[in-house]
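Hi there,

Here is the structure I promised to pass on to you. Have a look at it first, and then read my notes beside it.

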Amino acid sequence: MRPLLIAGNWKMNTDGHRAAELARQVADGLPESMPDTVEVLVCPPMIWLEAVAEFIDDSPVMLGAQTVHFEPNGAFTGEISAEMLASVGCTHVIIGHSERRQFFGETDDTVSRRVKRALEAGLVPIVCVGETLGEREQSQTERVVETQLGGGLAGLSADQVGQLVIAYEPVWAIGTGRTATPEMAQAVHGFIRAWLGRQHGAPVADAVQILYGGSMKPDNAAELLRQPDIDGGLIGGASLKADDFLAIVQAALALR
């Protein structure tokens with residue numbers, strides 16, 4: 001059985017005090033003995049990674065980053081390397097989030113390069129895919145997702161793909177208050193797993209965690225997490241409130 005992964009993407013939110021306090025509240029709010037069937041991850045802004053690392057030390061909470069550059073070092077002002085992230089304790093990194101694609105020119109090609117770099121540094125890439133409202137209304141969801149998967153995972157071996165996490169984020173459901181029904185979300189998750197199976201074999205497809213990234217909240221988490229191919233959530237707004245985030249974790253624990 002794949003562990004459920006509950007990952008908080010704090011985006012460009014929190015100051016230093018709030019980041020530390022939120023990390024402490026999440027760590028302190030988990031059961032003393034966490035089962036290995038549920039995993040918890042927080043992805044704060046880059047500037048707070050080290051501070052958050054201190055507050056989640058000796059807890060089950062893992063640390064992730066929100067993006068990474070595809071070169072190990074060099075004249076790339078404002079960027080951060082996979083090695084830098086690993087050095088402060090990151091285990092995961094989000095790659096290809098729709099906001100990175102929309103506002104910062106991320107493409108399937110740069111996603112692919114970042115994924116390879118992250119794997120080389122020992123990080124787990126959380127590779128994001130998903131369609132816009134217009135694409136969904138034109139029945140292009142599967143075509144868009146397949147194109148993003150094919151481009152973002154290009155050149156990876158089956159073993160490498162087996163080390164990834166995939167996040168399906170319907171762009172039209174992020175920060176809009178709209179949420180895909182559990183059946184709608186499951187349909188795309190199932191499509192992604194089937195695509196992984198065709199490309200890399202059933203064992204790889206069965207091992208990869210596929211997260212739902214479209215406004216998972218305490219009141220819909222359990223219903224979404226019950227779906228057979230939804231292995232957790234990439235949580236945005238709800239991850240900024242410890243009680244809400246922990247409620248989603250509790251929903252996952254109740255199912256595992």
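Below is what I found, going from the whole protein down to single residues.

Please keep in mind that this is a predicted model. The protein has 256 residues, and its radius of gyration is 17 Å. A compact globule with that many residues would come out near 18 Å, so the value agrees with a compact globule. If you turn the C-alpha trace along its principal axes, it spans about 45 × 45 × 35 Å. The secondary structure comes to 12 helices and eight strands.

How much of the protein is buried? Buried residues make up 51% of the 256. On the outside, about 11000 Å² is exposed, and carbon and sulfur atoms supply 50% of that area. As for charges, there are 19 positive and 33 negative ones, and their mean positions lie 5 Å apart.

Now for the inside. The largest nonpolar core has 70 residues, and Leu-85, Leu-153, Ile-166, Ile-192, Leu-196 and Tyr-212 have the most contacts inside it. Helix H12 (residues 242-255) gives the most to this core, with eight residues. There is also a second, separate core of 11 residues, which includes Leu-5, Ile-94, Ala-167 and Leu-234.

Which residues does Ile-166 touch, leaving aside its neighbours within four places in sequence? Among them are Val-127, Val-129, Leu-149, Leu-153 and Ile-192, along with Val-208, Gln-209, Ile-210 and Leu-211. Contacts across the sequence show up in the whole protein too: among contacts between residues at least 6 apart in sequence, 72% join residues at least 24 apart.

Two more residues are worth finding on your screen.

Val-26 sits in helix H1 (residues 16-29). Its relative accessible area is 1%, so Val-26 counts as buried. Leaving aside neighbours within four places in sequence, Val-26 is in contact with Val-40, Val-61, Ala-242, Phe-245 and Leu-246. Val-26 and Leu-255 are 229 residues apart in sequence, and their C-alpha atoms are 20 Å apart in space.

Ala-205 belongs to helix H10 (residues 202-207). Is Ala-205 buried or exposed? Ala-205 is buried, because its relative accessible area is 3% and the cut-off for buried is under 20%. Beyond its neighbours within four places in sequence, Ala-205 is in contact with Arg-193, Leu-196 and Gly-197. Ala-205 and Met-216 are 11 residues apart in sequence and 23 Å apart in space, C-alpha to C-alpha.

Enjoy exploring it!

Best wishes

Methods
Residues are numbered from 1 along each chain as its sequence is written. This is a predicted model: local features need pLDDT of at least 70, side-chain atom pairs count only at pLDDT 80 or more; totals for chains, interfaces and linings use all residues. Side-chain values use heavy atoms; hydrogens and water are left out. A nonpolar core is a set of buried Ala, Val, Leu, Ile, Met, Phe, Trp, Tyr and Cys residues joined through side-chain atoms within 4.5 Å. Buried means under 20% relative accessible area, exposed over 50%, partly exposed in between (1.4 Å probe, protein chains only). Helices (H or I, at least four residues) and strands (E, at least two) are DSSP runs, numbered from the N terminus. Contact means heavy atoms within 4.5 Å. The radius of gyration is taken over C-alpha atoms; the globule rule is 2.2 Å times the number of residues to the power 0.38. Accessible areas come from the Shrake-Rupley method with a 1.4 Å probe; for residues, only the protein chains shown count as cover. Lys and Arg count as positive and Asp and Glu as negative; His and the chain ends are not counted. The place of a charge is taken as NZ of Lys, CZ of Arg, CG of Asp or CD of Glu.
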